[in-house]
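Here is a friendly walk through a few local features of this model. Please keep the viewer open as you read.

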Amino acid sequence: MTVTLAIHGGSPVRTEPFPSWPIFGEQEERRLIGALRSGAWGKLDGEEVKQFERRFAEYHQAKHAIAVVNGTAALRLALVAAGIRAGDEVIVPPYTFVATASAVIEANATPVFADIELETFNLDPRAVEAAITPRTRAIIPVHLAGLPCDMETISKIAQRHDLAVIEDACHAHGAEYKGRRVGAIGHMGVFSFQSSKNLTSGEGGIVLTNDDHLAARLWSIHNCGRMPGRAWYEHFMIGGNYRLGEFQGAVLNSQWDRFEQQAETRERNGKYLAEHLARIPGIFPQSRNADCTRHGYHLFALRLDPNTIEVSREVLLDALQAEGIPCVAGYVVPLYRQPMFENQAFGPYTGCRDTGPELDYRNTSCPNCETISSVQGVWLEQRLLLGPKHDMEDIVVAFEKVYENRNRLAEQAADDTGNVF
Ligand SMILES: Cc1ncc(COP(=O)(O)O)c(C=O)c1O
(Lines give C-alpha, C1' and ligand atoms only; values in the text may rest on other atoms or scores of the structure.)
Protein backbone atom coordinates (compact mmCIF):
# COMPACT_ATOMS: atom_id res chain seq x y z
CA MET A 1 0.00 0.00 0.00
CA THR A 2 1.38 3.41 -0.87
CA VAL A 3 1.61 6.20 1.69
CA THR A 4 -0.48 9.31 0.95
CA LEU A 5 1.51 12.25 -0.39
CA ALA A 6 1.68 15.39 1.72
CA ILE A 7 0.22 17.33 -1.20
CA HIS A 8 -2.83 15.03 -0.95
CA GLY A 9 -3.17 15.45 2.81
CA GLY A 10 -0.64 12.86 4.09
CA SER A 11 2.27 13.54 6.46
CA PRO A 12 5.38 15.05 4.91
CA VAL A 13 8.56 12.97 4.87
CA ARG A 14 10.41 15.84 6.47
CA THR A 15 9.44 18.69 8.75
CA GLU A 16 12.93 19.61 10.05
CA PRO A 17 14.73 22.32 8.09
CA PHE A 18 17.87 21.50 6.11
CA PRO A 19 21.11 23.35 6.98
CA SER A 20 20.94 27.05 6.18
CA TRP A 21 23.58 29.02 4.27
CA PRO A 22 25.95 30.77 4.85
CA ILE A 23 27.55 29.09 7.86
CA PHE A 24 29.62 31.44 10.02
CA GLY A 25 30.70 32.11 13.58
CA GLU A 26 33.19 33.75 15.90
CA GLN A 27 36.09 33.29 13.52
CA GLU A 28 34.42 35.44 10.84
CA GLU A 29 33.58 38.06 13.48
CA ARG A 30 37.15 38.13 14.80
CA ARG A 31 38.72 38.50 11.38
CA LEU A 32 36.23 41.10 10.23
CA ILE A 33 36.81 43.20 13.34
CA GLY A 34 40.55 42.75 12.86
CA ALA A 35 40.28 44.10 9.32
CA LEU A 36 38.11 46.96 10.53
CA ARG A 37 40.46 47.94 13.36
CA SER A 38 43.53 47.70 11.12
CA GLY A 39 42.24 50.71 9.19
CA ALA A 40 43.60 49.04 6.04
CA TRP A 41 40.31 48.46 4.23
CA GLY A 42 41.44 48.31 0.61
CA LYS A 43 43.07 45.34 -1.11
CA LEU A 44 46.27 47.24 -1.83
CA ASP A 45 46.62 48.36 1.81
CA GLY A 46 45.81 45.22 3.82
CA GLU A 47 46.86 41.58 4.09
CA GLU A 48 43.54 39.68 4.01
CA VAL A 49 42.94 39.62 0.24
CA LYS A 50 46.64 39.01 -0.46
CA GLN A 51 46.62 36.04 1.91
CA PHE A 52 43.44 34.66 0.37
CA GLU A 53 44.84 35.02 -3.16
CA ARG A 54 47.94 33.06 -2.09
CA ARG A 55 45.91 30.30 -0.44
CA PHE A 56 43.45 29.97 -3.31
CA ALA A 57 46.23 29.90 -5.92
CA GLU A 58 48.23 27.31 -3.99
CA TYR A 59 45.19 25.06 -3.52
CA HIS A 60 44.65 25.07 -7.29
CA GLN A 61 48.34 24.78 -8.18
CA ALA A 62 47.92 28.06 -10.03
CA LYS A 63 50.80 30.52 -10.26
CA HIS A 64 48.57 33.60 -9.99
CA ALA A 65 45.25 34.60 -8.43
CA ILE A 66 43.68 38.04 -8.85
CA ALA A 67 40.71 38.67 -6.54
CA VAL A 68 38.02 40.94 -7.97
CA VAL A 69 34.58 42.26 -7.11
CA ASN A 70 32.49 39.40 -8.52
CA GLY A 71 32.43 36.47 -10.95
CA THR A 72 30.83 38.49 -13.75
CA ALA A 73 33.66 41.03 -13.71
CA ALA A 74 36.17 38.18 -13.42
CA LEU A 75 34.85 36.66 -16.66
CA ARG A 76 34.96 39.98 -18.51
CA LEU A 77 38.46 40.77 -17.28
CA ALA A 78 39.65 37.32 -18.36
CA LEU A 79 38.22 37.92 -21.85
CA VAL A 80 39.83 41.35 -22.12
CA ALA A 81 43.15 39.97 -20.83
CA ALA A 82 42.96 37.25 -23.50
CA GLY A 83 42.77 40.02 -26.13
CA ILE A 84 39.17 39.30 -27.17
CA ARG A 85 37.80 42.20 -29.20
CA ALA A 86 34.98 43.35 -31.50
CA GLY A 87 33.98 40.75 -34.07
CA ASP A 88 35.57 37.85 -32.16
CA GLU A 89 33.41 34.88 -31.28
CA VAL A 90 33.48 33.06 -27.97
CA ILE A 91 31.82 29.66 -27.59
CA VAL A 92 29.66 29.29 -24.48
CA PRO A 93 26.97 26.86 -23.31
CA PRO A 94 23.37 28.11 -23.22
CA TYR A 95 22.66 26.31 -19.92
CA THR A 96 24.43 28.57 -17.41
CA PHE A 97 24.00 31.81 -15.49
CA VAL A 98 23.60 34.79 -17.80
CA ALA A 99 27.05 36.18 -16.89
CA THR A 100 28.89 33.48 -18.88
CA ALA A 101 27.45 34.95 -22.08
CA SER A 102 26.76 38.57 -21.07
CA ALA A 103 30.42 38.99 -20.07
CA VAL A 104 31.29 38.22 -23.70
CA ILE A 105 28.95 41.01 -24.86
CA GLU A 106 30.49 43.33 -22.26
CA ALA A 107 33.91 42.43 -23.66
CA ASN A 108 32.45 43.72 -26.96
CA ALA A 109 32.54 40.29 -28.60
CA THR A 110 29.96 37.69 -29.70
CA PRO A 111 28.82 34.71 -27.66
CA VAL A 112 28.10 31.65 -29.81
CA PHE A 113 26.02 28.99 -28.09
CA ALA A 114 27.02 25.33 -28.39
CA ASP A 115 24.76 22.62 -27.00
CA ILE A 116 25.32 20.66 -23.81
CA GLU A 117 25.21 16.91 -23.22
CA LEU A 118 21.96 15.56 -21.84
CA GLU A 119 23.78 13.31 -19.36
CA THR A 120 26.30 15.77 -17.89
CA PHE A 121 24.59 19.16 -18.48
CA ASN A 122 28.07 20.31 -19.68
CA LEU A 123 29.32 21.59 -23.06
CA ASP A 124 29.36 18.85 -25.68
CA PRO A 125 32.84 18.95 -27.29
CA ARG A 126 31.32 17.89 -30.62
CA ALA A 127 29.00 20.89 -30.53
CA VAL A 128 31.99 23.10 -29.68
CA GLU A 129 33.90 21.80 -32.69
CA ALA A 130 30.86 22.37 -34.94
CA ALA A 131 30.49 25.97 -33.70
CA ILE A 132 34.04 27.02 -34.61
CA THR A 133 34.38 29.62 -37.38
CA PRO A 134 37.36 31.68 -38.56
CA ARG A 135 36.27 34.31 -36.00
CA THR A 136 36.32 32.01 -32.96
CA ARG A 137 38.90 33.09 -30.36
CA ALA A 138 37.90 31.44 -27.09
CA ILE A 139 35.81 28.78 -25.35
CA ILE A 140 34.22 29.16 -21.92
CA PRO A 141 33.48 25.70 -20.51
CA VAL A 142 31.19 25.95 -17.47
CA HIS A 143 31.59 23.18 -14.89
CA LEU A 144 27.85 23.08 -14.39
CA ALA A 145 26.68 22.40 -10.83
CA GLY A 146 30.33 21.57 -10.03
CA LEU A 147 30.80 18.67 -12.47
CA PRO A 148 34.08 19.13 -14.40
CA CYS A 149 33.76 19.46 -18.18
CA ASP A 150 35.64 17.15 -20.53
CA MET A 151 38.71 19.40 -20.29
CA GLU A 152 41.04 17.08 -22.20
CA THR A 153 38.91 17.06 -25.34
CA ILE A 154 38.08 20.78 -25.05
CA SER A 155 41.77 21.67 -24.56
CA LYS A 156 42.74 19.61 -27.63
CA ILE A 157 40.12 21.39 -29.74
CA ALA A 158 41.38 24.74 -28.41
CA GLN A 159 45.00 23.87 -29.21
CA ARG A 160 44.11 22.79 -32.74
CA HIS A 161 42.31 26.08 -33.42
CA ASP A 162 44.53 28.34 -31.30
CA LEU A 163 41.73 29.34 -28.92
CA ALA A 164 41.86 30.59 -25.35
CA VAL A 165 40.12 28.42 -22.74
CA ILE A 166 38.54 30.34 -19.85
CA GLU A 167 36.99 27.97 -17.33
CA ASP A 168 33.84 29.24 -15.69
CA ALA A 169 34.32 27.49 -12.34
CA CYS A 170 31.75 29.62 -10.52
CA HIS A 171 29.89 26.42 -9.52
CA ALA A 172 32.98 24.32 -9.04
CA HIS A 173 34.97 25.25 -5.94
CA GLY A 174 36.99 22.19 -4.95
CA ALA A 175 35.95 20.11 -7.99
CA GLU A 176 38.61 17.86 -9.51
CA TYR A 177 39.14 16.61 -13.03
CA LYS A 178 41.47 13.58 -13.17
CA GLY A 179 42.87 14.62 -9.78
CA ARG A 180 43.49 18.24 -10.83
CA ARG A 181 41.45 21.03 -9.31
CA VAL A 182 39.42 22.82 -11.94
CA GLY A 183 40.01 26.52 -12.57
CA ALA A 184 43.73 26.21 -13.34
CA ILE A 185 43.47 23.74 -16.23
CA GLY A 186 42.59 26.23 -18.99
CA HIS A 187 44.47 29.46 -19.75
CA MET A 188 42.40 31.17 -17.06
CA GLY A 189 39.73 30.09 -14.59
CA VAL A 190 37.07 32.17 -12.93
CA PHE A 191 35.24 31.70 -9.60
CA SER A 192 32.43 33.60 -7.88
CA PHE A 193 32.04 34.18 -4.14
CA GLN A 194 28.47 35.51 -4.41
CA SER A 195 26.07 34.65 -1.55
CA SER A 196 24.86 31.26 -2.81
CA LYS A 197 28.30 29.92 -3.75
CA ASN A 198 30.11 27.09 -1.94
CA LEU A 199 32.72 29.60 -0.81
CA THR A 200 31.24 33.02 -0.20
CA SER A 201 31.87 36.54 1.03
CA GLY A 202 28.48 37.84 -0.13
CA GLU A 203 30.04 39.22 -3.31
CA GLY A 204 33.45 38.53 -4.80
CA GLY A 205 35.31 36.74 -7.56
CA ILE A 206 38.77 35.61 -8.61
CA VAL A 207 40.72 34.78 -11.75
CA LEU A 208 43.40 32.08 -11.74
CA THR A 209 46.13 31.64 -14.32
CA ASN A 210 49.51 30.00 -14.76
CA ASP A 211 50.52 32.45 -17.46
CA ASP A 212 52.74 35.37 -16.29
CA HIS A 213 51.76 37.59 -19.23
CA LEU A 214 48.01 37.09 -18.65
CA ALA A 215 48.49 37.63 -14.90
CA ALA A 216 50.24 40.96 -15.52
CA ARG A 217 47.42 42.07 -17.83
CA LEU A 218 44.73 40.94 -15.37
CA TRP A 219 46.43 42.75 -12.50
CA SER A 220 46.65 45.96 -14.49
CA ILE A 221 43.09 45.77 -15.86
CA HIS A 222 41.62 45.17 -12.39
CA ASN A 223 43.62 48.09 -11.00
CA CYS A 224 42.81 51.01 -13.33
CA GLY A 225 45.52 50.13 -15.86
CA ARG A 226 48.33 50.62 -13.33
CA MET A 227 51.58 48.66 -13.30
CA PRO A 228 53.37 47.32 -10.21
CA GLY A 229 56.13 49.65 -9.01
CA ARG A 230 54.89 52.57 -11.13
CA ALA A 231 53.21 55.76 -9.96
CA TRP A 232 49.61 55.70 -8.64
CA TYR A 233 48.49 58.16 -11.32
CA GLU A 234 50.17 56.38 -14.23
CA HIS A 235 47.75 54.26 -16.33
CA PHE A 236 49.07 52.02 -19.07
CA MET A 237 45.99 50.25 -20.47
CA ILE A 238 42.22 50.43 -20.27
CA GLY A 239 41.02 49.01 -16.98
CA GLY A 240 38.89 49.90 -13.97
CA ASN A 241 38.70 49.45 -10.25
CA TYR A 242 37.65 45.82 -9.80
CA ARG A 243 39.63 45.21 -6.59
CA LEU A 244 38.09 43.08 -3.85
CA GLY A 245 37.95 44.77 -0.43
CA GLU A 246 39.59 43.63 2.82
CA PHE A 247 36.30 42.90 4.63
CA GLN A 248 35.45 40.36 1.99
CA GLY A 249 39.01 39.05 2.18
CA ALA A 250 38.59 38.55 5.94
CA VAL A 251 35.35 36.60 5.44
CA LEU A 252 36.88 34.51 2.66
CA ASN A 253 39.88 33.56 4.79
CA SER A 254 37.57 32.42 7.60
CA GLN A 255 35.25 30.56 5.24
CA TRP A 256 38.29 28.96 3.64
CA ASP A 257 39.12 27.27 6.94
CA ARG A 258 35.71 25.56 6.81
CA PHE A 259 35.76 24.85 3.09
CA GLU A 260 37.59 21.54 2.69
CA GLN A 261 35.45 19.74 5.23
CA GLN A 262 32.28 21.10 3.65
CA ALA A 263 33.50 20.02 0.20
CA GLU A 264 34.12 16.48 1.52
CA THR A 265 30.63 16.35 3.06
CA ARG A 266 29.00 17.53 -0.17
CA GLU A 267 30.96 14.96 -2.16
CA ARG A 268 29.98 12.11 0.17
CA ASN A 269 26.31 13.10 0.32
CA GLY A 270 26.13 13.91 -3.39
CA LYS A 271 27.51 10.47 -4.29
CA TYR A 272 24.95 8.82 -1.99
CA LEU A 273 22.08 10.76 -3.56
CA ALA A 274 23.29 10.07 -7.10
CA GLU A 275 23.51 6.35 -6.41
CA HIS A 276 20.12 6.05 -4.70
CA LEU A 277 18.06 8.43 -6.83
CA ALA A 278 19.31 6.74 -10.02
CA ARG A 279 17.48 3.58 -8.89
CA ILE A 280 14.12 5.33 -9.36
CA PRO A 281 12.79 4.90 -12.92
CA GLY A 282 12.78 8.18 -14.85
CA ILE A 283 15.22 9.97 -12.50
CA PHE A 284 18.65 10.65 -14.00
CA PRO A 285 21.14 12.44 -11.74
CA GLN A 286 23.81 14.41 -13.64
CA SER A 287 26.15 11.60 -14.66
CA ARG A 288 29.78 11.62 -13.58
CA ASN A 289 32.45 9.35 -15.00
CA ALA A 290 35.90 8.39 -13.68
CA ASP A 291 37.39 11.69 -14.93
CA CYS A 292 35.46 13.49 -12.17
CA THR A 293 37.57 12.72 -9.13
CA ARG A 294 35.56 15.20 -7.05
CA HIS A 295 32.30 16.93 -7.84
CA GLY A 296 31.89 20.49 -6.54
CA TYR A 297 28.13 19.99 -5.92
CA HIS A 298 27.18 23.63 -5.98
CA LEU A 299 23.91 22.04 -7.05
CA PHE A 300 22.67 18.51 -7.12
CA ALA A 301 21.26 18.45 -10.66
CA LEU A 302 19.07 15.74 -12.12
CA ARG A 303 16.75 15.07 -15.01
CA LEU A 304 13.23 13.85 -14.67
CA ASP A 305 11.93 11.94 -17.68
CA PRO A 306 8.20 12.77 -17.71
CA ASN A 307 7.51 9.92 -20.15
CA THR A 308 8.52 7.42 -17.46
CA ILE A 309 7.14 9.23 -14.42
CA GLU A 310 4.09 10.49 -16.30
CA VAL A 311 3.88 13.77 -14.44
CA SER A 312 5.36 17.10 -15.40
CA ARG A 313 8.33 18.63 -13.64
CA GLU A 314 6.12 21.29 -12.08
CA VAL A 315 3.79 18.68 -10.55
CA LEU A 316 6.77 16.71 -9.26
CA LEU A 317 8.37 19.81 -7.73
CA ASP A 318 5.15 20.79 -5.96
CA ALA A 319 4.84 17.28 -4.54
CA LEU A 320 8.48 17.20 -3.37
CA GLN A 321 8.23 20.62 -1.78
CA ALA A 322 5.12 19.50 0.10
CA GLU A 323 7.20 16.57 1.40
CA GLY A 324 9.64 19.11 2.88
CA ILE A 325 12.31 18.86 0.16
CA PRO A 326 13.25 22.27 -1.26
CA CYS A 327 13.91 21.83 -4.98
CA VAL A 328 13.65 24.07 -8.02
CA ALA A 329 13.55 23.86 -11.82
CA GLY A 330 16.73 25.96 -12.24
CA TYR A 331 17.37 27.68 -15.57
CA VAL A 332 14.02 27.30 -17.34
CA VAL A 333 15.03 28.73 -20.72
CA PRO A 334 18.26 28.52 -22.71
CA LEU A 335 20.16 31.80 -22.53
CA TYR A 336 19.55 32.51 -26.21
CA ARG A 337 15.81 32.62 -25.42
CA GLN A 338 16.31 35.45 -22.93
CA PRO A 339 14.96 38.77 -24.27
CA MET A 340 18.49 40.22 -23.94
CA PHE A 341 19.73 37.88 -26.70
CA GLU A 342 16.57 37.55 -28.80
CA ASN A 343 16.34 41.34 -29.08
CA GLN A 344 20.09 41.91 -29.07
CA ALA A 345 19.52 44.43 -26.28
CA PHE A 346 23.24 44.99 -25.86
CA GLY A 347 23.28 48.73 -25.17
CA PRO A 348 26.54 50.36 -26.20
CA TYR A 349 28.30 47.04 -26.92
CA THR A 350 28.18 46.91 -30.69
CA GLY A 351 31.15 44.59 -31.23
CA CYS A 352 28.94 41.62 -32.03
CA ARG A 353 27.59 43.44 -35.10
CA ASP A 354 31.03 42.90 -36.63
CA THR A 355 30.18 39.20 -36.68
CA GLY A 356 27.79 40.00 -39.53
CA PRO A 357 24.10 40.38 -40.29
CA GLU A 358 23.55 36.64 -39.91
CA LEU A 359 23.78 37.00 -36.13
CA ASP A 360 20.25 36.30 -34.92
CA TYR A 361 19.85 34.37 -31.69
CA ARG A 362 16.22 33.59 -32.61
CA ASN A 363 17.69 31.03 -35.04
CA THR A 364 19.81 29.32 -32.39
CA SER A 365 18.72 25.84 -31.40
CA CYS A 366 20.39 23.60 -28.81
CA PRO A 367 17.96 20.70 -28.35
CA ASN A 368 19.57 19.13 -25.27
CA CYS A 369 19.61 22.45 -23.46
CA GLU A 370 15.98 23.01 -24.42
CA THR A 371 14.98 19.59 -23.07
CA ILE A 372 16.75 20.16 -19.75
CA SER A 373 15.73 23.76 -19.20
CA SER A 374 12.13 23.57 -20.41
CA VAL A 375 11.14 20.07 -19.34
CA GLN A 376 13.54 17.91 -17.37
CA GLY A 377 15.99 19.81 -15.15
CA VAL A 378 15.66 19.79 -11.35
CA TRP A 379 18.09 21.25 -8.81
CA LEU A 380 18.71 20.84 -5.11
CA GLU A 381 20.84 23.55 -3.50
CA GLN A 382 24.29 22.77 -2.09
CA ARG A 383 23.26 23.53 1.49
CA LEU A 384 21.00 20.46 1.45
CA LEU A 385 24.13 18.32 1.09
CA LEU A 386 25.79 19.68 4.24
CA GLY A 387 23.80 17.67 6.78
CA PRO A 388 24.09 14.06 7.98
CA LYS A 389 23.36 10.95 5.88
CA HIS A 390 19.89 10.87 7.40
CA ASP A 391 19.04 14.05 5.44
CA MET A 392 19.96 12.27 2.20
CA GLU A 393 17.79 9.31 3.18
CA ASP A 394 14.86 11.68 3.62
CA ILE A 395 15.43 13.14 0.15
CA VAL A 396 15.51 9.64 -1.37
CA VAL A 397 12.39 8.55 0.54
CA ALA A 398 10.54 11.67 -0.68
CA PHE A 399 11.46 10.97 -4.32
CA GLU A 400 10.43 7.31 -3.92
CA LYS A 401 7.15 8.33 -2.36
CA VAL A 402 6.39 10.71 -5.21
CA TYR A 403 7.31 8.02 -7.76
CA GLU A 404 5.01 5.48 -6.08
CA ASN A 405 2.15 7.99 -6.16
CA ARG A 406 2.77 9.08 -9.74
CA ASN A 407 -0.56 7.76 -11.02
CA ARG A 408 -2.53 9.68 -8.41
CA LEU A 409 -0.50 12.81 -9.21
CA ALA A 410 -1.14 12.38 -12.93
CA GLU A 411 -4.89 11.93 -12.34
CA GLN A 412 -4.98 15.01 -10.16
CA ALA A 413 -3.06 17.04 -12.75
CA ALA A 414 -5.47 15.87 -15.47
CA ASP A 415 -8.46 16.88 -13.30
CA ASP A 416 -6.90 20.28 -12.66
CA THR A 417 -6.13 21.04 -16.29
CA GLY A 418 -8.69 18.96 -18.12
CA ASN A 419 -5.78 17.34 -19.97
CA VAL A 420 -3.95 14.07 -19.59
CA PHE A 421 -0.27 14.97 -19.41
C1 LIG B 1 28.06 29.80 -13.84
C2 LIG B 1 28.20 31.20 -13.32
N3 LIG B 1 29.04 32.05 -13.94
C4 LIG B 1 29.20 33.31 -13.51
C5 LIG B 1 28.53 33.79 -12.40
C6 LIG B 1 28.69 35.22 -12.01
O7 LIG B 1 29.17 35.40 -10.72
P8 LIG B 1 28.75 36.69 -9.84
O9 LIG B 1 27.33 36.50 -9.42
O10 LIG B 1 29.72 36.64 -8.70
O11 LIG B 1 28.94 37.88 -10.68
C12 LIG B 1 27.68 32.93 -11.71
C13 LIG B 1 26.97 33.41 -10.50
O14 LIG B 1 25.84 33.14 -10.22
C15 LIG B 1 27.49 31.61 -12.18
O16 LIG B 1 26.64 30.78 -11.57
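Helix pairs whose angle is under 35 degrees count as roughly parallel, those over 145 as roughly antiparallel, those at 65 to 115 as roughly perpendicular, and the rest as oblique. Keep in mind that this is a predicted model.

Take helices α2 and α8 to begin with. Their axes are 7 Å apart and make an angle of about 40 degrees, so α2 and α8 are oblique to each other. The crossing of α2 past α8 is left-handed. On the α2 side, the contact is made by Glu-48, Val-49, Gln-51, Phe-52 and Arg-55, which meet Glu-246, Gly-249, Ala-250, Leu-252, Asn-253 and Trp-256 of α8. By class, the residues of this contact are five nonpolar, three polar and three charged.

Next comes a sheet. It is open, has three strands in the order β7-β6-β11, and its pairing is antiparallel. Because β7 and β11 stand at the edges with a single partner strand each, one side of each has no neighbour in the sheet. Strands β6 and β11 are joined by two bridges, and Tyr-177 has Cys-292 in β11 as its bridge partner.

| Strand | Residues |
|---|---|
| β6 | 176-177 |
| β7 | 180-181 |
| β11 | 292-294 |

Finally, is Thr-110 buried or exposed? This residue of strand β3 counts as buried, because it has 27 C-beta neighbours inside 10 Å. Beyond its neighbours within four places in sequence, Thr-110 has contacts that include Asp-88, Val-104, Cys-352 and Leu-359. Thr-355 is another of its contacts: the two are 245 residues apart in sequence, yet 7.1 Å apart in space from C-alpha to C-alpha.

Notes: Residues numbered from 1 in each chain as written. Predicted model: local features only at pLDDT ≥ 70, side-chain atom pairs only at ≥ 80, totals over all residues. Axes fitted to C-alpha atoms, helices over the stretch in contact; angles between N-to-C directions. Helix = DSSP H or I, 4+ residues; strand = E, 2+ residues; numbered from the N terminus. Left-handed = near helix turned anticlockwise from the far one by under 90°. Contact = placed C-beta atoms within 7 Å. Nonpolar A, V, L, I, M, F, W, Y, C, P; charged D, E, K, R; others polar. Pairing = 2+ DSSP bridges. Buried ≥ 20, exposed ≤ 12 C-beta atoms within 10 Å, placed from the backbone.
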